[in-house]
Structure formats: structure tokens, C-alpha cells
Amino acid sequence: MQRGISGGQKKRVTTGEMLVSPMKTLFMDDISTGLDSSTTFQVVKCLQQFVHIMKGTILMSLLQPAPETFELFDDIILLSEGQIVYQGPRQHVLEFFEGCGFRCPERKSIADFLQEVTSRKDQEQYWTADREQYQYVTVKQFTEKFNQFYMGKNLVEELSIPYDKTSCHKAALSFNKYSISKFELLKVCFDREWLLMKRNSFLYVFMFVQMVVVACITMSVFIRTRMKIDVLHGNYYLGALFFSLIIIMFNGYAEIAMTMARLPVFFKQRDLLFYPAWTYTIPTCLLKIPLAVFESFVWTALSYYVIGFAPEASRFFRQFLVLFCLHQVSSSLFRLIAGICRTMVISNTGGSFCLLIIFILSGFIIPTTSIPKWWIWGYWVSPLAYAETAISVNEFLAPRWQKPYSSNTSIGLHVLESRGLLKEAHFYWISVGALVGFTVLFNILLTVALTYLNPIEKAHVVITEEKLAEIQKTEGDAFTDQNMQLSCTEVEVQIDNLSSESRRHNVVHDIPTKQAKQGMILPFHPLTISFRDVQYFVDMTSEMKALGATEKRLQLLKDITGAFRPGVLTALMGISGAGKTTLMDVLSGRKTGGYIEGDICISGFPKVQETFARVSGYCEQTDIHSPQITVRESVLFSAYMRLSPEIDDKSKQMFVDEVMELVELDNLKDTMVGLPGVSGLSTEQRKRLTIAVELVANPSIIFMDEPTSGLDARAAAIVMRAVRNTVDTGRTVVCTIHQPSIDIFEAFDELLLMKQRGQIIYAGPLGRHSINVIEYFQAIHGVARIKDKCNPATWMLEISSASAEQRLGIDFAEIYMKSSLHEHNLELVKQLSMPVQGARDLHFPTQFSQPPWAQFIACLWKQHWTYWRSPDYNLVRLFFTFISALFFGTIYWQLGTKIHAQDDLFTVMGALYGSTLFLGITNSSVVQPIVAVERTVFYREKAAGMYSPLPYALSQIVIEIPYIFLQTVMYGLITYFMIGFQLSVVKFFWYIFTMFFTFLYFTFYGMLAVSITPNFQVAAVVASAFYNLFNLFSGFLIPRPDLPKWWQWYYWICPTSWTLTALTTSQYGDLDKNITVDGIEKPIRTFLEDYFGYDHDFLSVVGTVLVIFPVFFAILFAYSITTLNFQRR
């Protein structure tokens, strides 16, 4: 979603992060993923020098090491099924397996051989003991043979002798937990936090501008020319003060999203002993103080005198001090919630619940005198209650509020007493001290939480049923075998007579395939793609300009000319950052920014992206899939959305089963996809799923971005066998590839090799044993000849590197441009850029394979399973609603039947106002991460031409409705009778109706906030601005008749004002019962009309408008999803 360094460069940053430390013992897990073989060789060679010269110790796992890289290691540990098969010098590993009857072939990488020789499927091909019949050698048998091998005996003997600790140097072990002093640790963390704040300055500027806008609106609503010194306007002043506190309190809510974004890096660095937790929390807290001072002062300066608070300067600064202290409490509290909850959905829910308790029990919504005894403790632990006390005492004990109200009290004291607030002056400083104490406490608790808590979810491995059965069979677990048979009966019956016809060809060497079966190939039209003089530019970044770059645009691709043809498997190679993925994105039409020049033709006709998406597939490097659906459902969804509607459902399902068998996913079909690195499929399984999702679309042209990265040798061979089989059906396939083994590299037909800055240095056939590529480069003067048994891919990247160019004083791109090979390619491109006589351009009657209704049904089916399998979203939301319902019910127990004065009515309205605001905001907040994750998948599926954005948006909208209805019924049944509203079927219906559409429009508003912003962190900030306006114009803090005329229009478009109108009017708008209003008896109906402007006859219009709001937000969400694209490629 964000432009940055390439995947390989990111991997090198991770490695470099460890190497710059003074540690002499390093554990390195798969550091080569995303790196080309030449770069991997250089990195490992550097690490070898570190070990030999610096006397270090390194244990490294690698997936597909090239022979040259493998030769750099001293010792080998071979693991299989959790057991050590071999541990000892690299030189003796082949000797051990030859003694077991297995020999590595001549052109086989030793690393690949070691990974396959313990596999039941691959082992037999290496059997060489002709005098004995082959029988599968289990891992346990290998382990027993290694213990009898002389290297195994030496290892046991060496380990049996206790280590002589006297031979250790005193400096061999570190007696300090961290590498530098505590002061230096703190200073470094301060510097980093300051750098991150500067890099994230847009967010802080946006939040500040948002606060200024809200401050201007607030002071124009409560403008002093309309405010008088009496009891009625005293309540308005109290509302203005409370709203100021709410603004500051809500402003800290964004800390949840910002902290959650930082936690994964923090946990990694904490566990690696980079720094302790307190060096993270102290800078985070202290560096936010200037921001808190600035924001609090700006709010106070803008609003204080315009609203017309007490004019004394001392009271101005006292109000500023309260807002500043509350700002610190709010930020600290929400950082603490994020640190304890550690997931976005639970943090949002926890944050909302904390705000709910703090908000309701602050002493403003419900007077302290009306709070039940069993909840009064909540008032004393609410920071907002102390802030409310301090800011109210500061205002209403001012001289201007000392006008007599009655014989024994003043106006100011009466306003404080009516809300049950403390009224002694010394409570100001006590409250400020309490706020400071809360800040310190929350930061201490955050430090403790970050010290002892770990990330909630850890990655786990998913194994196939077949693999599990094999392990259990090896262990002789008969009971579990029986369970396996039972579980197999629950899954779908596999269609055994389906397998691709191309499986008969074992193209990738030394990889045994299953017995070839009758296959089914759906019809497709072979297509060529040719391109000439393709250039790609991006705008020069400000960082590059600061380093001295004078050009306005940075060129990433230069003079790219070539062609990809049917039945030809082309490898797109180059060092990390050479522009391989960039070229693939440009050709496939996936770029969302930059400037593209040049000609791209499909079978001689100019490429039209809308039709090209129907005949092409793109296997992205990042493996983006919906996490909550199964493997088969993912493939099935792609098939239904992309295959022609003329193909019947049975054929589609058969084709899905065939493709899953082709990429060997049939044993994982009921496994949840999960999130990368967190749950579900492993990297290799996720990669095969990506390929299956594209293959099942039956494309003519397939682009694959690093299909073997992150895979071991056998998994890479499985993937490449599927790719090779696909090519043999007559399709055009292009793969970027980083570290191919000899077998995989020579399975390609042609090669397009690129150098830094996006230039071609070779484009042509590989030849048998890569002879064409080797002869081309060895013909260049000064290029070293390839060594025996060397991987041609590694050698090719090594001799064409930037350092090699500099050493030889040549430019490989210029040599290629002057070569006969380039001339031949130009002629080929010229021929392929002209349509064959009688050929027709690609044309489809519709842009998408399926009609809009079918797209909607399929998207809704997918969303259904996503929501059904998301307990952390739906169950947490429902649980929060249940707890909140009990919370409101117990606080406002039967107060709905005890209305004798206006304050009693205000108290009950506080329950309606609080529940509307907080449950609505919770719905809006927790839906945002869900929509953000699914939007990432949507971008991929939209680019693949699966469906139109509108059916996707509608399915996202519709799937929320049943869950929100369940939430509404549960909340309504609990609160309606506990609070004691009128026992009337009509009034109960109005209550449920109003809350249902209120929850709907808040949820759809949260979805809208994500759709108009690049990520849910920014969405949380944007949404909070309108939460404040929803609060201000709800009609509770200041009723509509007393709003300035210039703001009356916003009251009518504010959703919460209609909700509060519907809830209050439907319950009490038709009652003629008298209540006491400022000492005068008045019917409730009349009071509501005079004070709030609520008219019971207007209720039908209010209900209609409540239906319109969710529809309006849903339409805006659908429009934004359709038109906006925040993907950066």
C-alpha cells in the first residue's frame, strides 16, 4: 500500500540490523528470501569472514542456497520432522548418505538433494544400492544410522565431555544486559522517537488543523453574544466546558492506531535486547508534551474569550492547565489500552469501553446524586470527573457567577449543585494533582505491560492431512490413524479422474510426479505480448533532491524492448532493485502512479487494459488473500468470478479441483488462509495458493512475481512444475526469479536479464544447460569463465554486477544494444507487433465475466464466511454491546419511571445520548481494520478483473445488516426494561427501530472513513473529527432553539440529532404528565417542544430521515471504493 524499498532490500536491512550489533552469536532465519543468488552469496561470504576472523558463531537457515553459497558453510545441520538427520562438517554429508544407499546426481545441487532425500515422495530417485530393493528409509532410521556413523559418534563423544569453564576468558560473556549505558539507550530512543514524529508530521498537522476547525465551530456555537449569566445559560456554559474536555479526551484516541502500528517493531527489538520497555515509553510520553501544550493552548486561546468564560487571566491559564493535564491522561490511557490489548479490534473495543465508563460517570451526563451506590466508585476513578470538577470550579466560582439565585446560594453554586459537582475552590488543585497522578500511573502500567506481555498471536505451521498421516504412521499411532480416516470422511470427495494432461511431462528434473491421469483443459486463445522502447518514470522524491538530484523525474525503466510468446517460459532476472517487478507491473497494467512511455501490443493489437485483464493473470509477490476463508473457497471464488458464464458450475468445480491438485493444494483445501506470519498457511503454501487463484482463471498470459521466494527446494520444485505444466498447455508465462537452483533455472526457455536502473543486458534463449547465456557473456572481453558445477544463474548475476562492470570498464547494457541478439529481438518485436492476417482484436461483450447480480452474490458469499469466521470482530462487538447494555441498565436502573423534574428528564436523555454516541462510535471504530484488510484484497481482485467495485461495496454493506440487527435486539431487550421506559409495543418498536438505523449509519460511516483515507490509522483520525461534531450538534449539550441561526442547518444534517429526537420523542413526546421546570409545573410534551423543539407529530419524518442516513453513507462508501485507489505501485 505504500511505496518504499523493494522486498530484497528490506530483507537486507533486517540482516544489517543484526550485523551492526556487537553480538558474536547470531541466529539467522532465511535471510535470503527476496535476494538474488549473487547478493546472497556476497552476504553469506561476508558472514563467513566474520565467523573466521572475528571468531563468531552463526547458525543460519536457508531455503534455496546456490551451490556456491552452500560451499561457504563449515558445518551442516539437516532437520526433518523435528529430528536431526545429520550434524557435522559439510564435506562429509554426501559420504553419510552414500553409506545409506543414496547418491547425489552430477548436476544436482547438494542442498536440494539434502532437502529431498528425506521426503517419501522424492527419495526413491536417489537410490543407488542395486543389490538391495528400495524401501523407504524413514527419518527415524536415518537418525539411527547417523548415530552409528563415525561423525555421529564423534559428536556424542564430544558432547559427553563437560566443557572446561576455566578456559573461558572473563570477557567472553557480557555481564550487562544491554550493549550501552542506560543514559545512552534513553538518548538514542529519544532521537529515534523525534525522527519518527518528524516523518509522521502529516498526521500531527492534520490532527492540529482538525482541532482548530472544531474549535472555531465550537466558539461560534457558544458565542458570547448569546450567553447570559443565569441558570439556563449556566447549563450551556457547563455544556461548553464538558465539550472542551471531550474534544481533548477524544483527541488521544488516535494513539491506539499509532501505538498498534509501532508494537510489532517494538516487540522484535525488545526481545533482541535492543532496549528495555521504559526507554520506549519515556520518550514517547515526554516528546508528546510540547504537542499537548501547543494543542491545549490553541484550543483555550481560540475558544475561551469568544465563548465568554470568566474574563480573569488567572482562570484562563487554569483552564489551559486542566486541558493540558487531561491531554496527557488521554494519550497515556489509550497507549496503555493498545499495549495491553495488542490487537486493533480488541484495542478499539477496549478503548471505547474505557471512554464509556469515563464519559458516563464524569458527573455531567448523570449527576453524582443519581449514580447508584454500586457504581459510585466509577466516578472516583474517572479522570474526566476530576477534569470536570476542576474546570467547573474554575469557571463557576468566578465573581460574575456570585449573583444570588436564592436566599442561600448563588447562580454559580446552584449550577454546580444541580449536577452534583464539588463546589469548594481547593478541589481545583486536588483534581489537577489527580490528573497528573493518572498520567504517571498509566505510563508506569504501560511500561510494565510492554515489559512482560508478548504479541497475542504467533505464527504456526499448517501441515496437510497426508503429511500428518505419514508422521502418525511412522510413529505407529493407530488411534490417531483412525481419527484421520474419520476426518477425511468429513471433507469433500476428491475427483480422482482429474489431472492436467501436462502432468505427464516431468519437465523440472528429478521431481517425480503422480501417475498421469486423464485431464481437462478449458479452451483458451494463445496470445503474445510484445513491447518496444518502454520507459517508466516516477517523480523525484524530496529526499533525493536533498541529496543533490536535479532531475524532476527518476527513470526506473529505460529502453525496454522484447516479447513473450505462447508455450515459452521466460525468466525475468536481475539484482534486487533492478526493476523486475516494475517492468512486470507496467506490462500487466498494475501501476497506479508514475509515467509510462512506449508501445505494448497483444498479438499485434495495442493493449487495452479492460480486455487485457480478462485474459491475463498476475501472481503477486505479496500473496494477498482474504484471511478468513479456506483454500478451496479462495480458488473457487476466483473461478466463479473469472471463468466464462457459459461454463457450467460442475465444470468449474472440476477445474478448481484439477488446479488444486496441479499445485498440490488438494490436501489443504479446508485450511483457513489466515494472515501472513500470524496464522493459517505457511509462506510456501500461500505462494501455491496465489498461483492456483490465477491459474483457475484460465488466462492466456500469466505474470508471476518471484513465485519461488520463501520456499525450500522441494516446494520451489512443486511450484515450478505447476508453472512448467501451465506453459506446456500453450500459455504465455513470465516469472521474476531470484535464487533458482540449476534445475529450476534450466527449466526456463528464455531469459530477460536486467541491471540496475532498469536496463536490459540479455534477452534471448537459455539453451541446453544454459549454453546460450554462458557463450554470450564469455564472449565479452574480460568476463571470467564459469566454473565446473557452478550455478549459471549465480555466475551470470555475479559477472554482470555493478562492481564487475566498474572493474572491467564496460557497460553490459551498451554491449547488448550493439549486439546481433538485440537486432534479432527488434525484428521479432516488429513481426509480433503486427496482427496476423485475419486476426481480430480482443473483444468481450462485457467488461467482467459475470453479470453484476452474480458478482454481488459471489462477493456476499465470500463476505459471509469472512464475517462468520471473525470472532475477534463480531463476538467482541456483541460482547461489548452486552456489557454496555448491562452498564447502562444498572446505572439508570428504573430512572425512566421516576421523572418528576426537568433534571430527571435530562438524566434519562443522558442515557439515550451516551448509548447513541458510544455504541455508535464503537461500531464505527471496530469495522475500520476489517474493511482495511479486505480493501487490500479488493485492490488485487479488482486489478485482476474479477468484479466491479459496486457489487463488492454492496456485499460489504449488506453483510453488516444481520449482525447489527442482532446487536440491536440484544441491546434493546436489556436496556429498555432495565431503564424502565414506557411499557408499550409501539414505543418499544420505535426504540429498536431507532437504535438499529443508528448502529447502521455509524458502521457505514466507519466504512466510509476507511474508503476515503489511505489506511485505518488516518481513518481513525478523520472519523474522530466528525464524532466531535456529532456530539456537539446532537441537541443534548445545547438544544436546537438556542443554536445560532448560522448553525441551525448543521443540526438538521447531523445524524445523532435525529436519533436523540426519535428516542426522546417516541418515549415522552406524547405524555401530558406534569414535571417541575424551574419551580413551575409543565407537561412533558410542552417542555420538550419549548426546550428542545421536539414535536411528536414530526416523528414519522424523523423515522424516514433515520432510514436515509445509512443509505446515504452506504452510497458514499460505494462511490469512494469505486473511484479512489490508495494503492501505491
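**Exercise 1. Find which residues Lys580 touches, leaving out those up to four places away in sequence.**

Solution. Use the contact rule: heavy atoms within 4.5 Å. Lys580 then touches Leu572, Met573, Gly574, Ile575, Thr736, His738 and Met754. This is a predicted model, where local features need pLDDT of at least 70, side-chain atom pairs count only at pLDDT 80 or more, and totals for chains, interfaces and linings use all residues. Residues are numbered from 1 along each chain as its sequence is written, and side-chain values use heavy atoms, with hydrogens and water left out.

**Exercise 2. Place Lys580 and decide: is it buried or exposed?**

Solution. Step one: locate the residue. Lys580 lies in helix α23, residues 580–588. Helices (H or I, at least four residues) and strands (E, at least two) are DSSP runs, numbered from the N terminus.

Step two: check the surface. Lys580 is buried. Buried means under 20% relative accessible area, exposed over 50%, and partly exposed in between, with a 1.4 Å probe and protein chains only.

Step three: look for a charged partner. Lys and Arg count as positive, Asp and Glu as negative; His and the chain ends are not counted. A salt bridge needs a side-chain nitrogen of Lys or Arg within 4 Å of a carboxyl oxygen of Asp or Glu. Lys580 has none; Glu706, the nearest side chain of opposite charge, is 5.2 Å away.

Step four: look at the backbone. The side chain of Lys580 reaches the backbone oxygen of Gly574 at 3.2 Å.

**Exercise 3. Explain why the salt bridge of Asp743 and Lys108 ties together parts far along the chain, 635 residues apart in sequence.**

Solution. Start with the distance. The two side chains meet at 3.1 Å, N to O. Asp743 lies in helix α29 (residues 742–745) and Lys108 in the loop between α4 (93–99) and α5 (110–116), so the pair links parts 635 residues apart in sequence. Both Asp743 and Lys108 are buried. In total, the count comes to 32 salt bridges.

**Exercise 4. State how exposed each partner is in the salt bridge of Asp271 and Arg270.**

Solution. The side chains meet at 3.0 Å, N to O. Asp271 is partly exposed, at 46% relative accessible area. Arg270 is buried, at 8%.

**Exercise 5. Describe how strands β3 and β4 pair.**

Solution. Two strands pair if DSSP finds at least two bridges between them. Six bridges join β3 (residues 75–80) to β4 (residues 83–89), and the strands run antiparallel. Take Ile76: its bridge partner in β4 is Gly88. Now the turn. The hairpin has two residues between the strands, and Glu81 takes a positive phi near 55°.

Key. Polar contact = N/O pair within 3.5 Å; in protein donor to acceptor, adjacent residues only side chain to side chain.
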